[in-house]
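Ready to find your way around a new structure? Work through the exercises below, keeping the picture open beside you and trying each task before reading its solution.

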Amino acid sequence: MKELTLEEVKIYVLEHFCEYLPECYQKSTLRVESVVKNNQRLTGISLAGVKISPTIYLENIYEEYLEHKSSLCQILRKKANLFYERMKNGEEIMTLLKKVKTMSKEEIGKHLFLALVQTKNNHALLEHRIHRKFLDLSVLCNYEFTVGKELLSIGLSKMLLDQIQLSEEEAFNLAYKNSCARGILRQDAIFYSLVKLEMRLNPELEMPDVHLAYSLDGEYGANIMLNKQFLKMASDRLGGDYYVIPASIYELILISGKIDRSEEERTALNKMIGEANKVAKMEKFILSDHAYFYNSKTHKLECVYEEE
């Protein structure tokens with residue numbers, strides 16, 4: 001059977017999605033809008049004319065269609081079931097939001113977390129969210145909570161902050177404590193094994209040291225790059241300068257030792273990151289398209305661009 005294109009899948013979903021919902025929603029009208037979410041522009045669909053409607057993204061349906069080779073009927077049946085479950089949870093979410101407005105700052109603070117995103121791919125999102133600039137990235141502040149077994153988050157806006165009587169500075173300070181106050185630095189065992197093997201084959205070969213770094217707080221481990229004390233500690237342990245490779249929103253790769261900051265080295269690192277991003281199955285996990293450099297003399301993180 002011929003593989004459908006993205007546009008063909010979009011058309012099919014728009015024409016048939018409501019047929020997989022409970023009977024009371026099968027004659028509903030779909031609302032279609034283009035949104036920026038997790039570093040990518042997506043086409044979202046939701047139900048028009050209802051108070052609370054979840055949003056599902058057509059590009060995600062297409063990715064699932066390509067990856068699992070399932071029929072669109074099977075995929076839409078599963079998506080419709082999940083969609084309906086989220087609709088039923090909507091009232092609970094609204095009740096929770098009303099409750100948040102009556103909570104103390106300490107209670108609210110326990111649910112605040114940071115999230116890093118690429119600035120250049122999220123201009124529309126940043127217009128409606130409080131954020132801080134960090135190099136070429138932006139730091140968002142989210143209120144996270146669970147409904148049933150599902151972890152959900154609400155991005156904080158200035159309007160919501162006014163309603164809960166919290167300042168931006170207070171929100172970011174509370175979220176920082178929950179997101180990146182503690183981190184871990186450890187050697188990459190797989191890479192270390194490969195290095196030992198390579199050194200046996202070629203004793204004169206000089207290899208860099210590779211470590212993994214991530215936050216022990218919150219969901220997004222790459223937030224540890226916001227912790228200046230951690231970056232300084234890593235420099236002390238690694239013996240000076242190092243590159244930071246944003247492997248994903250969940251962890252960083254630190255490269256130290258035999259590095260020279262040459263143009264060739266920078267180009268090779270950024271090319272490697274670009275190639276890795278191309279084969280990544282989920283674009284929403286990508287944090288950056290280039291490396292960063294920690295300067296042990298200035299104690300600052302810098303963007304790595306080949307033209308420098």
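**Exercise 1. Find which residue stands opposite I45, and place the pair in its strands.**

Step 1. Look across to β3: the residue opposite I45 is I56. Strands here are DSSP runs (E, at least two residues) and helices are too (H or I, at least four), numbered from the N terminus.

Step 2. Now zoom out to the pairing. Strand β2 (residues 40-47) and strand β3 (residues 56-57) run antiparallel, joined by two bridges. Two bridges is also the minimum, since strands pair if DSSP finds at least two bridges between them.

Step 3. Check how covered β2 is. Seven of its eight residues are buried, where buried means under 20% relative accessible area, exposed over 50% and partly exposed in between (1.4 Å probe, protein chains only).

A word on what you're looking at: this is a predicted model, where local features need pLDDT of at least 70 and side-chain atom pairs count only at pLDDT 80 or more, while totals for chains, interfaces and linings use all residues. Residues are numbered from 1 along each chain as its sequence is written, and side-chain values use heavy atoms, with hydrogens and water left out.

**Exercise 2. Work out whether L58 is buried or exposed, and what it touches.**

Step 1. Locate L58: it sits in helix α2.

Step 2. L58 has a relative accessible area of 1%, so it counts as buried. It has company in α2, where E59, I61, Y62, E64 and Y65 are buried as well.

Step 3. List the contacts, meaning heavy atoms within 4.5 Å. Skipping residues up to four places away in sequence, L58 touches K10, V13, L14, T43 and I45.

Step 4. Try a distance. E7 is 51 residues from L58 along the chain, yet their C-alpha atoms are separated by 9.5 Å.

**Exercise 3. Describe how helices α1 and α2 cross.**

Step 1. Know what to look for: two packed helices are described by the angle between their axes and the distance between the axes.

Step 2. Helix α1 (residues 6-16) and helix α2 (residues 58-68) have axes that come within 10 Å and cross at roughly 115 degrees. Axes are lines fitted to C-alpha atoms, for helices over the stretch in contact, and angles run from 0 to 180 degrees between N-to-C directions.

Step 3. Pick out the residues that make the contact: L6, V9, K10, V13 and L14 from α1, with L58, E59, I61, Y62 and Y65 from α2.

Step 4. Sort them by type: eight are nonpolar, none polar and two charged. (Ala, Val, Leu, Ile, Met, Phe, Trp, Tyr, Cys and Pro count as nonpolar, Asp, Glu, Lys and Arg as charged, and the others, Gly among them, as polar.)

Step 5. Follow α2 to its end. Just after it, K69 takes a positive phi of about 55 degrees.

**Exercise 4. Trace the six-stranded sheet and see what packs on it.**

Step 1. Read off the order: β8-β9-β11-β10-β12-β13, an open sheet with antiparallel pairing.

Step 2. Find the edges. These are β8 (183-187) and β13 (300-303), each pairing on one side only. From one strand to the next, the twist averages 30 degrees.

Step 3. Zoom in on β9 (residues 209-215) and β11 (residues 252-256), which are antiparallel and joined by five bridges. Here H211 stands opposite L254.

Step 4. Add the helices. Helix α10 (residues 263-279) packs on the sheet, touching β10, β11 and β13, and makes about 20 degrees with the direction of β10. Helix α9 (residues 228-238) lies across β8, β9, β10 (242-245), β11, β12 (292-295) and β13, at about 25 degrees to β8.

**Exercise 5. Say which residues touch the most other members of the largest nonpolar core.**

Step 1. A nonpolar core is a set of buried Ala, Val, Leu, Ile, Met, Phe, Trp, Tyr and Cys residues joined through side-chain atoms within 4.5 Å.

Step 2. The largest one has 45 residues, and L112, L156, M225 and L254 touch the most other members. Strand β6 (residues 137-147) gives the largest share, five residues.

Step 3. Look for another core apart from this one: it has 20 residues, including C18, Y20, L72 and M87.

Step 4. Visit L185 in strand β8. Its relative accessibility is 7%, so L185 counts as buried. Among its contacts beyond four places in sequence are H211, F230 and L254.
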